[in-house]
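Reader: I would love a close look at one part of this model, the charged pairs and what surrounds them. Could you walk me through that slowly, and then on to whatever else you find along the way?

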Amino acid sequence: MTPIRLFVNPKAGRGAALKALPHIRRALSAAGFEIDVVCSGKAGDIEAAIYAQSLRQPDEHTVIAGGDGTFHEAVNGLLRAGGSRLGLVPVGTGNDFAKSVGIAADPGKAAEALAERLVTGRTLGEFDAGTCNGRFFHNGAGIGLDARVARIAAGIRLPIGDLVYAWGILRCLIDGIATPSMTIRVDGDVIREGPATLTNLANGRWVGSRFLIAPDADPRDGMLDLVVADAVNRRRVMTLLPMLLQGRHVRAPEVSTSRVVALTVDCEAPVIAQLDGEVQMPSSRFDIRCLAKALHLL
């Protein structure tokens, strides 16, 4: 039997990963694979384990059962080790990247489709990733409002699914909209300077499960979609949110978009950022670059 190392984050989807594990194992085992399940105990476990495995057994099938945060760890472990091949079964809260690359939302169906591809030797193909200040990301990087929302959502333990992001936005509105001054440079040239509500570099199309942040983003095109929102007040944020659900915000006068391979963002003071929904340490400078075809999805 062909072995598969299945990495599981039992906390993903606020416990959904553990509930889905029997279905995932059954789908892979029925296709003739021997399953070795590795569960993480704390943040960083999956990144460290996949880094070590990728150095020791680079050709072994590796599958991740988790959400964007779990896959973020896996991608960082894999790419740090010089690897590229991973399978994904989405069982997280948002599963934003899985939607962008066409993986079924139902974990059982996703596992069955993955097993069929492995049996036939097909894969989903090659997809872009990105890097920001030395960390890798697969779905996107955000500076400003979306990072604040991600930080609030990460601290919510109520069983309300992807509504944690809506609650995070509400909290941000109550606390006040921060609009730090940002200078964005591409190839050394300043393309934008001034206060901004958010600056997002999208590889995938969605953030926060329901928000179509970059409706035209293509994780295969070798570029990142830059979405910048000017400084806006609470009332304008409320009117932009319904547009964001459908991707219509990109036509608003306060929002500008472009496609870039690399850029630098300098902020007047340290601010937090999020990579794939994972909050990063505050920084006043962000060096971001697209890594074309860095990931080969099984």
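Author: R192 has a relative accessible area of 16%, so this arginine counts as buried. Keep in mind throughout that the model is a predicted one. The side chain of R192 meets that of D230 in a salt bridge, with 2.6 Å from N to O. Because R192 sits in strand β9 and D230 in strand β10, the pair ties together parts that are 38 residues apart in sequence. The partner is less hidden: D230, at 28% relative accessibility, is partly exposed.

Strand β10 has a second acid to show you. D225 pairs with R259 in a salt bridge of 3.2 Å, N to O. Here R259 belongs to strand β11 (residues 255-260) and D225 to strand β10, and the two are 34 residues apart. In this pair the acid is the buried partner, since D225 has a relative accessible area of 7%, whereas R259 is partly exposed at 43%.

A helix-to-helix pair comes next. E47 and R80 form a salt bridge at 3.4 Å, N to O. The pair links distant parts of the chain, with E47 in helix α2 (residues 45-56) and R80 in helix α3, 33 residues apart. E47 is buried, with a relative accessible area of 12%, and R80 is partly exposed at 42%. There is also a network of salt bridges, which links R185, D266, R285 and D287. Over the structure, the count comes to 12 salt bridges. The general idea behind such pairs is that side chains of opposite charge can pair when their charged atoms come close.

Now for an arginine without such a partner. R117 lies in helix α5 (residues 107-120). R117 is buried yet has no salt bridge, and the nearest side chain of opposite charge, that of E116, is 7.5 Å away. With a salt bridge defined as a side-chain nitrogen within 4 Å of a carboxyl oxygen, E116 at 7.5 Å falls outside the cut-off. What does the side chain of R117 reach instead? The backbone oxygen of L298, at 3.0 Å. Leaving aside neighbours within four places in sequence, R117 is in contact with R122, T123 and L124 as well as L298.

Back to strand β9, which helps to cover another helix. Helix α6 (residues 145-154) has eight of its 10 residues buried, so it is largely enclosed by the rest of the structure. Those buried residues are L145, D146, A147, R148, V149, A150, I152 and A153. Their cover includes β9 (189-202) together with β7 (140-144), α7 (163-175), β13 (273-275) and β14 (278-279).

One of those covering strands, β7, holds G142. This glycine is buried, with a relative accessibility of 0%. Not counting residues up to four places away in sequence, G142 touches A147, T199, N200, I272, A273 and Q274. Among these, A147 is one of the buried residues of α6. For a sense of distance across the model, the C-alpha atoms of G142 and A20 are separated by 30 Å, and the two are 122 residues apart along the chain.

Two backbone details may also catch your eye. Most residues other than glycine have a negative phi. S209 has a positive phi of about 75° although it is not a glycine, and K293 likewise has a positive one, of about 55°. Their settings can be put side by side. S209 lies in the loop between β9 and β10 (224-230), while K293 has its place in strand β15 (residues 283-297). S209 is buried at 9% relative accessibility, whereas K293 is exposed with a relative accessible area of 52%.

Finally, how many cavities of 30 Å³ or more does a search of the whole structure find? There is one, and about 30 Å³ of space lies in the largest cavity. Helix α3 (68-80), strand β4 (85-90) and helix α4 (96-100) each give two or more residues to the lining of the largest cavity. The lining residues are G66, G67, D68, F71, L88, P90, N95, F97, A98 and H138. Helix α3 brings us back to the charged pairs, for R80 of the E47 pair lies in that helix.

Definitions and conventions: Residues are numbered from 1 along each chain as its sequence is written. This is a predicted model: local features need pLDDT of at least 70, side-chain atom pairs count only at pLDDT 80 or more; totals for chains, interfaces and linings use all residues. Side-chain values use heavy atoms; hydrogens and water are left out. Helices (H or I, at least four residues) and strands (E, at least two) are DSSP runs, numbered from the N terminus. Buried means under 20% relative accessible area, exposed over 50%, partly exposed in between (1.4 Å probe, protein chains only). Lys and Arg count as positive and Asp and Glu as negative; His and the chain ends are not counted. A polar contact is a pair of N or O atoms within 3.5 Å; within protein, one must be able to donate a hydrogen and the other to accept it, and residues adjacent in sequence count only if both atoms are side-chain atoms. Contact means heavy atoms within 4.5 Å. On a 1 Å grid over the protein atoms alone, a cavity is a set of points where a 1.4 Å probe fits but cannot get out, and a pocket is an open set with protein on both sides within 12 Å along at least five of seven lines; lining residues have an atom within 4 Å of a point. Grid points are joined across faces, edges and corners, and a volume is the space filled by probe spheres set on the points.
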